Amino acid sequence: MADNKQENGRINGFSKLDKRQRREWLLNQFLPGRTNEEFTYFDADSGDLQQVFDNFSENTVASFPLPFGIAPNFLINGKTYAVPMVTEESSVVAAASSSAKYWLTRGGFRVEVVATEKLGQLHFRWAGHPDRRAALLPDLKAHLERATAGITDRMEARGGGVRGLTWKHLPTVDPQCYQLLVRFGTGDSMGANFINTVLEAYATELEAWSATSAALSDEERDVEVIMAILSNHTPNCVVTAAVSCPIEEMNIPGSGVDAADFVRRFRLAVDIAREDTYRAVTHNKGIMNGIDAVVLATGNDFRAVESAAHAFAAESGRYRSLSRCRVEDDIFHFELTVPLALGTVGGLTRLHPLADLALDIMGRPSARELMCIAAATGLAQNFAALRSLVTTGIQQGHMKMHLQNILSSLQASPPERQQTAEFFRGRTVSHHGVRQYLDRLREGGVGG
Ligand code: MEV
């Protein structure tokens, strides 16, 4: 380790250190007074399991847990699910649960997978004339298919594979810049590995084709591959979740507004998010609170899902709400359309024991079924947020959790928690205020 150590927080070969050495280095360089134990709070008891976690990423020094909660009573396409959610944000699971229960007695969520196509891109420079693409594409396609059959066979047997190919010209980038846009089906896997493997093989085979194909003239043989990678923009891997019920059943007990007024205000709130980007971003963040939590719980890639959702929200050229609301014949309709590239096999889905558990809790859904569950959770979350916003305001619910978090940070005992909660009912909660109250309570200055 001494060889690796450098002064002033810099180091060569950090990745070559073992975990204990990395921690020691951090303690020496950045954490005077802290101890090794502070890294080990959440280490798995079993060394093998810890090794599994450590292997998910690089340079690991600790495990960082997040709460794994359940939103029960989700009625989705006639089946009831307990939905696993992993999130650090208070009130999210409570809001999803309360929304699920609300819709349980109003027909539940109807969810439809619109399409499940994924995309990949191979970018390259080519010296030929753009008009020659149509004539050459069948020859290129046949070559690529033949040369990569060994990679695509197994996926085809699982109902996936390459679905098609477009050869695009990108003259605004460079007159010789081109893209092969490849469409994929990936069965129950998210498919990133499969898609990237196929694309990299396509890159090699594009060069082989350009060197050998009899369809090309000598001037057309000049190809330079730039890059090959899947696209996280998945506008054809989309699911729509919807709820509806007669307006008169849209009562919100304790809200102080009647059903018709609630629906009017709710619809306005959604319409505002369809028109105003500042509001749309917050509105969609609320949707992603639900979706990301399911995506995380099932070991899926939340960054991919996030970037796809926001690109989709901006497809019209303007960033808009992903959900819509309408009233027709006195029926309230609320729906969400969102791209969701999810998998239920491969990746972390089996490797992470809690992702595996989450999938078991939902009855080991197919990728399509998981798309439905995640979309329903996003719609439920959005409904709960807007329901609060247009009635009591969001803080009322948040404050209860906020208070509990403050009390935890101040190591309050159960009786102290109870008394403080009673005191702050209807009052504004702040860290300072709670600390003051608790100090007085502990000094015996608050009457029982
Ligand atoms: C907070 O995480 C999410 C909300 O801001 C969503 C919304 O405003 O619709 C409450």
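The domain bounds used here come from an automatic or database domain assignment. The model is predicted, and its residues fall into four stretches under that assignment: domain 1 (1–65), domain 2 (75–112 + 240–392), domain 3 (118–231) and domain 4 (397–442). Domain 2 is written as two segments, 75–112 and 240–392, and domain 3 takes residues 118–231. Between the C-alpha centres of domain 2 and domain 4 the distance is 31 Å.

A good place to start is the hairpin of β1 and β2. Strand β1 covers residues 68–76 and strand β2 covers residues 79–86; 7 bridges hold the pair in the antiparallel sense. One of the bridged pairs is Gly69 with Met85 of β2. The hairpin has 2 residues between the strands, and Asn77 has a positive phi near 50 degrees.

Next come the sheets. Strands of a sheet pair through backbone hydrogen bonds, and the pairing can be parallel or antiparallel. One open sheet here has 4 strands in the order β3-β8-β10-β9, with antiparallel pairing. Its edges are β3 (110–116) and β9 (323–328); each has a single partner strand, so one side of each is left without a neighbour in the sheet. From one strand to the next, the twist averages 20 degrees. At the β3 edge, 6 bridges connect β3 with the antiparallel strand β8 (residues 237–246). Among the bridged residues are Thr116 and its partner in β8, Cys237.

A further open sheet is built from 4 strands in the order β5-β6-β4-β7, and its pairing is antiparallel. Here β5 (161–169) and β7 (223–231) are the edge strands; because each has a single partner strand, one side of each lacks a neighbour in the sheet. The twist in this sheet averages 20 degrees from one strand to the next. The edge strand β7 pairs with β4 (residues 118–126) through 8 bridges, in the antiparallel sense. Leu119, for example, has Ser231 of β7 as its bridge partner. Helix α7 (residues 192–212) lies across β4, β5, β6 (177–185) and β7. Relative to β7, helix α7 runs at about 165 degrees.

The last stop is the ligand. Which residues are around the ligand? They are Glu89, Arg279, Thr282, His283, Lys285, Gly286, Asn289, Ala385, Leu389 and Ile394. Three of these side chains can be followed in detail. Arg279 places a polar side-chain atom 2.7 Å from an oxygen atom of the ligand. For Lys285, an N or O atom of the side chain is 2.7 Å from a ligand oxygen atom. In Asn289, a polar side-chain atom lies 2.9 Å from an oxygen atom of the ligand. Taken alone, the ligand exposes 300 Å², of which the protein buries 85%.

Definitions and conventions
Residues are numbered from 1 along each chain as its sequence is written. This is a predicted model: local features need pLDDT of at least 70, side-chain atom pairs count only at pLDDT 80 or more; totals for chains, interfaces and linings use all residues. Side-chain values use heavy atoms; hydrogens and water are left out. Two strands pair if DSSP finds at least two bridges between them. Axes are lines fitted to C-alpha atoms, for helices over the stretch in contact, and angles run from 0 to 180 degrees between N-to-C directions. Contact means heavy atoms within 4.5 Å. A residue is near a molecule or strand if one of its heavy atoms lies within 4 Å of it. A polar contact is a pair of N or O atoms within 3.5 Å; within protein, one must be able to donate a hydrogen and the other to accept it, and residues adjacent in sequence count only if both atoms are side-chain atoms. Accessible areas come from the Shrake-Rupley method with a 1.4 Å probe; for residues, only the protein chains shown count as cover.
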